[in-house]
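Let's take a walk through this model together, starting at the ligand and moving outward. Keep the 3D view open as you read.

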Amino acid sequence: MSTGPGTNASGSTPVGTLFGVGVGPGDPELLTLKALRIIRAAAVICAPQSETRPDSYALGIIREYLDADNQEVLRLTFPVDDPEGAAGVWRSGADTLAQRLYGGQDVAFITEGDPMLFSTFIYMLEAMTAEHPSIPVEIIPGVSSVMAAAASSKVPLATHGQRLAVLPTVYGIDDLSEAIASYDTIVLMKVNRELLGALENLDGLGLAGKSVFVRRVSTPSEKVVSDVKQLTQEDVDYFSLLIVKRDG
Ligand SMILES: C[S@@+](CC[C@H](N)C(=O)[O-])C[C@H]1O[C@@H](n2cnc3c(N)ncnc32)[C@H](O)[C@@H]1O
């Protein structure tokens, strides 16, 4: 279904805007002023959450700014490790949001960190653009966990001519060695079992003293660990990343 830009099928009611809003890494004070304004004004807040983590982290960040009586909170639950199932969720989610948008309501699709970096908003953007190309979309950048982790750990990401890579995950030591050969700084996101295995080999790569682990940055449960050999499974959760520096 498609209508002219900015109007609904009858051409009279202005169509709402879909906002992709980055809500930062955890501290509600790390929201931008623009994100806060849009979140407060939107009739509908859409909060994505995975089947494996039924609480929306992004929603937890902004909850204190919502008006429970006047804003609809729509949760969109997507499967993990099922790309086809997830694609269906984004398509039907785009249809659900489009109903509100064609009715003139603005929708804020919230996402932790920045919406254009490893974010579910990218899937929604693709689905909305394909299914409802006339819907206006605006994207509000957020403070990424990458930037916040560098600030908390006081480890610079790059300076002068240095090269920085952000990797979604690593699958063992070979993957890590390859990246370290090409970049001065590597940020490893989605810390997982394989990554913890790779960490045990950082000594072998001469990087053990040059890496910092950051969990739940900017929240009360933030943990910054410079001696990554001391890390245990209990220290690590999904909201963890690692900054690895080649030259210390
Ligand atoms: C789907 S990505 C989302 C990235 C997000 N768009 C951003 O800009 O930070 C999820 C990964 O981001 C990292 N992450 C997100 N929030 C974090 C936080 N508060 N502290 C540390 N890492 C975080 C973790 O590596 C997590 O596995």
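Which element gives the most to the shell around the ligand? Helix H5 does, with three residues. Bear in mind as you look that this is a predicted model.

H5 spans 145-153, and this helix is joined by strand S8 (211-215) and strand S10 (240-245), each of the three supplying at least two residues of the shell. In total, 23 residues surround the ligand, and the closest are Gly113, Ser144, Ser145, Met189 and Val217. If you are thinking about the chemistry of the surroundings, the shell divides into eleven nonpolar, seven polar and five charged residues.

Now zoom out to the domains. Domain 1 covers 18-140 and domain 2 covers 145-245; both give residues to the shell, so the ligand lies between them.

Next, follow S8 and S10 into their sheet. Strands of a sheet pair through backbone hydrogen bonds, either parallel or antiparallel. Here you will find an open sheet of five strands in the order S6-S7-S10-S8-S9, with mixed pairing. Its edge strands are S6 (164-167) and S9 (223-225), each of which pairs on one side only. Ignoring direction, neighbouring strands of this sheet are turned by 15° against each other on average.

Within the sheet, S8 and S10 run antiparallel to each other and are paired over five bridges. You can spot Val212 standing opposite Ile243 in S10. Finally, we come back to H5: this helix packs on the sheet, touching S6, S7 (185-188), S8, S9 and S10. The direction of H5 makes about 65° with that of S10.

Conventions: Residues are numbered from 1 along each chain as its sequence is written. This is a predicted model: local features need pLDDT of at least 70, side-chain atom pairs count only at pLDDT 80 or more; totals for chains, interfaces and linings use all residues. A residue is near a molecule or strand if its C-beta atom, placed from the backbone, lies within 6 Å of it. Helices (H or I, at least four residues) and strands (E, at least two) are DSSP runs, numbered from the N terminus. Ala, Val, Leu, Ile, Met, Phe, Trp, Tyr, Cys and Pro count as nonpolar, Asp, Glu, Lys and Arg as charged, and the others, Gly among them, as polar. Domain bounds come from an automatic or database domain assignment. Two strands pair if DSSP finds at least two bridges between them. Axes are lines fitted to C-alpha atoms, for helices over the stretch in contact, and angles run from 0 to 180 degrees between N-to-C directions. Two residues are in contact if their C-beta atoms, placed from the backbone, lie within 7 Å.
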